[in-house]
Amino acid sequence: MKNHWVTFLGGTIHVKVEGKGVERFINQLTRARLMIWNVKRQGTNAITFYIRLQDLHKLRHQARKNDCRISFLSGQGMPFLWKRTLKNAGFLIGLILFFIVITLLSNVVWGIQIKGASPQTEHQIKKELNKMGIQVGKLQFNMDSLESIQHELTNKVPNITWVGVDLHGTTFHLQVVEKNTPKTKKPLSPRHLVANQKAVIVDMFVEAGIPVVKVNQFVNKGQLLVSGLIGREEDQKPVAAIGKVYGKTWYKTDVELPLQSEFQVFTGLEQKKYSLKIGSFSIPFWGFGKIKYKAYETEKNVHPIKFLKWRLPIDYVQKTVREKELAQRDYTKAQAISAAKELAVNDLKTKIPNDAKIVDEYVLHEQVENGKVKLSIYFQVIEDIAEAKPIVQGD
């Protein structure tokens, strides 16, 4: 019979008919348009055949019109399979629960191994991992990506230069490269200290060498500040000049800032959606409904699901939809000038040494044009202006 899968879903019954006139009974079923197949004779007074489960009632109705005995040998197909399954429901439920438990345990963190770190650094790394929710016994589904974990640890733990984060099975493996302790400095070669820019000297701290300038003296770029030649002129000895010479320097910064600007901000409202992804097919199981925000940004985290050491072709997907809106910022002229000065200071700090100090500022030019505030600001900075210049033969 064709379309075996259709009959399998509907169910079939193996029937045996015994008695006189079984051939007439078969003809009677055919005239009643009952579908039968695999008709076989069993001896002289018996015939077996298959019939659809849905035609069972019609078969019994036809049997009342004929003097034959009908018996049912077996049932096949989905309805009978389901009935047998229900009889063994305890075993089936236990099997399903077993696979669910094993799958969950396969996606729990059972170990964190840290290599290449000192005990102190390892303790700091574990503290940061705890803050990020990465602990033994926690599910991996709600954890950040490996790249995010690596970035967070590099920023939060000051003693490491680099950390590699890998997840093998249920264990996190972290390979740490710590910052090297500064090596013993090599002896310095003979040198002078000269000015790296124009400045007025405000202070000096000389460890080695002879100062040749004084406080409040103006110096030009390249001018000698501390000589590396010591001793009398006829018997001078070259040494490495060491020290700091602080001078007052000048910087000019031009900055402009619009009085009115627009930018995107998050409102704090968000929706979470969870789904299982099988290949290109996604099955949502939490967070149904349309996104109710006009403007939003979606963050997507995909976590592979494992069974023991094998990665299943199923991913746990978490989507966070955050509402955002367009905000407008309006400055008064005074506010814009104040904000522009702050921008200029921040820009200047990126150009000067970390130990330099901004001591004064002067607004040289101020203008409001085309909805923008334009400023030219003059800064006075105190910084170390000394730089090394090697002493060559003949100096």
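This passage describes a helix pair, a five-stranded sheet, a hairpin and two residues with positive phi in a predicted model.

The helix pair consists of helix H6, which spans residues 119–131, and helix H7, which spans residues 146–156; their axes come within 10 Å and cross at roughly 130°. Angles over 145 degrees would count as roughly antiparallel and those from 65 to 115 as roughly perpendicular, and H6 and H7 are therefore oblique to each other. The crossing of these two helices is right-handed. On the side of H6, the residues that meet the partner helix are Ile 125, Glu 128 and Leu 129, while H7 contributes Ile 149, Leu 153 and Lys 156. By class, this contact between H6 and H7 has four nonpolar and two charged residues, with no polar residues.

The sheet is open and has five strands, arranged in the order E11-E9-E15-E21-E20 with antiparallel pairing. Its edges are formed by strand E11 (218–219) and strand E20 (357–369), each of which pairs on one side only. Within the sheet, strand E9, covering residues 199–208, runs antiparallel to strand E15, covering residues 242–258, and seven bridges join the two. In this pairing, Val 200 stands opposite Lys 248 of E15. Helix H8, formed by residues 333–349, lies across E15, E20 and strand E21 (372–384), and the helix runs at about 40° to E21.

A hairpin is formed by strands E6 and E7, which have two residues between them. Strand E6 comprises residues 160–168 and strand E7 residues 171–178, and the two pair in the antiparallel sense over eight bridges. Across this pairing, Val 165 stands opposite Leu 174 in E7. In the turn of the hairpin, Gly 169 has a positive phi of about 65°.

Positive phi values also occur in residues other than glycine, including Arg 33, for which phi is near 60°, and Asn 38, for which phi is near 55°. Arg 33 is located in the loop between helix H2 (22–31) and strand E2 (36–41), whereas Asn 38 lies in strand E2 itself. With a relative accessibility of 76%, Arg 33 counts as exposed, because the exposed class begins over 50%. Asn 38, by contrast, has a relative accessibility of 46% and therefore counts as partly exposed.

Key:
Residues are numbered from 1 along each chain as its sequence is written. This is a predicted model: local features need pLDDT of at least 70, side-chain atom pairs count only at pLDDT 80 or more; totals for chains, interfaces and linings use all residues. Side-chain values use heavy atoms; hydrogens and water are left out. Axes are lines fitted to C-alpha atoms, for helices over the stretch in contact, and angles run from 0 to 180 degrees between N-to-C directions. Helices (H or I, at least four residues) and strands (E, at least two) are DSSP runs, numbered from the N terminus. Angles under 35 degrees count as roughly parallel, over 145 as roughly antiparallel, 65 to 115 as roughly perpendicular and the rest as oblique. A crossing is left-handed if the near helix is turned anticlockwise from the far one by less than a right angle, and right-handed if clockwise. Contact means heavy atoms within 4.5 Å. Ala, Val, Leu, Ile, Met, Phe, Trp, Tyr, Cys and Pro count as nonpolar, Asp, Glu, Lys and Arg as charged, and the others, Gly among them, as polar. Two strands pair if DSSP finds at least two bridges between them. Buried means under 20% relative accessible area, exposed over 50%, partly exposed in between (1.4 Å probe, protein chains only).
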